[in-house]
Structure formats: C-alpha cells, structure tokens
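Let's take a friendly walk through this model, starting at the surface and then turning to the cysteines and a strand residue.

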Amino acid sequence: MIKLICFVKRKPGLSREEFHQHWSKVHGPLVAGSESGSYVLRYERNARPLGDYDRTGMPDGPDGCTIQWFASIEDFWASTSAADYAEIDADVATFIDTDALQWILTEEPDVVIDRLGDGPVRRT
C-alpha cells in the first residue's frame, strides 16, 4: 500500500469558501470519475475548518490535505500517465497554488495509537 499525501493551498484570489467548494463539488468528482482515479483505492479530502484560519501563526497555511491510497507505487505512477490526467492537472491549476503544493509518497504507517481499531495495522 502506498499513500500520496498532499498539502494544498488555494490559488491567490480565491476565497476560502470558493476553494473548498471547488475542491468538494468539482475536483473530487472529476477525479472519482476519471481513468486516472481508477487507480485510487481511497481518496480522502481533509478540508481545513473555516474556524481554524483565525488560529494565531497559521492564517496563510495550507487549506487542506488530500490522502490518496494506491495498491502500489506503480499504480500511483500509472495514474499520472492515464489519458485523462492532463484534464485533472489542468483543474488543479484553477484552484490550487501549484507553487506551494507539497506532496510525499508514504508506505503503510507505523501505528502508535489505534483507539478506532478500524483496520489492519503494521506495528513496529
């Protein structure tokens, strides 16, 4: 299992509400219905709560985090080579500050606390 974890920031000129609306109502469904998205096992949209923007020291921080699960690193790269990936990438550029985009691929986590008990975990 591989996870793509991206911290996203809205494009300058977009309000917080516009950003979250586009991410939820346009981009998410675009990915879900795409060939590129067919490689994704799970897509999590972790939106920053509007009340968190008032927190001292973080007003211009990320607007959210997306976590996408893939069966393998090969499936991740295949998703970026799908015929419709250019359409998804073009949509990203309409609402995300791509210069501020930060992402990382991770393996399955080492779980330190699991009070949810909702799935298989790898413990070290």
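A patch here is built from residues with over 30% relative accessible area and no salt bridge, and nonpolar side chains are joined into one when they lie within 5 Å. Keep in mind as you look that the model is predicted.

With that in hand, turn to the surface, where Ile 73, Trp 77, Leu 101 and Trp 103 form a nonpolar patch. Together these four residues offer about 380 Å² of accessible area. One of them, Leu 101, sits in the loop that runs between α3 (85–95) and β4 (102–106). Leu 101 counts as partly exposed because its relative accessibility is 30%.

Next, the cysteines. A disulfide needs two cysteine sulfur atoms within 2.5 Å, and by this rule the count comes to 0. Cys 6 is in no disulfide, as the nearest cysteine sulfur, that of Cys 65, is 7.6 Å away. Cys 65 is likewise in no disulfide, with the sulfur of Cys 6 as its nearest, 7.6 Å away. Cys 6 counts as buried because its relative accessibility is 8%, and Cys 65 is buried because its relative accessible area is 12%.

Cys 65 also leads us to our last stop, since it is among the contacts of Glu 44. You will find Glu 44 in strand β2 (residues 40–47). Is this acidic side chain's residue, Glu 44, buried or exposed? Glu 44 counts as buried, because its relative accessibility is 18%. Leaving aside neighbours within four places in sequence, Glu 44 is in contact with Cys 65, Thr 66, Ile 67 and Trp 69. With Trp 69, the side chain of Glu 44 makes a side-chain polar contact of 3.2 Å.

Conventions
Residues are numbered from 1 along each chain as its sequence is written. This is a predicted model: local features need pLDDT of at least 70, side-chain atom pairs count only at pLDDT 80 or more; totals for chains, interfaces and linings use all residues. Side-chain values use heavy atoms; hydrogens and water are left out. Patches are made of residues with over 30% relative accessible area and no salt bridge: like charges are joined within 9 Å, nonpolar side chains (Val, Leu, Ile, Met, Phe, Trp, Tyr) within 5 Å. Accessible areas come from the Shrake-Rupley method with a 1.4 Å probe; for residues, only the protein chains shown count as cover. A salt bridge is a side-chain nitrogen of Lys or Arg within 4 Å of a carboxyl oxygen of Asp or Glu. Helices (H or I, at least four residues) and strands (E, at least two) are DSSP runs, numbered from the N terminus. Buried means under 20% relative accessible area, exposed over 50%, partly exposed in between (1.4 Å probe, protein chains only). A polar contact is a pair of N or O atoms within 3.5 Å; within protein, one must be able to donate a hydrogen and the other to accept it, and residues adjacent in sequence count only if both atoms are side-chain atoms. Contact means heavy atoms within 4.5 Å.
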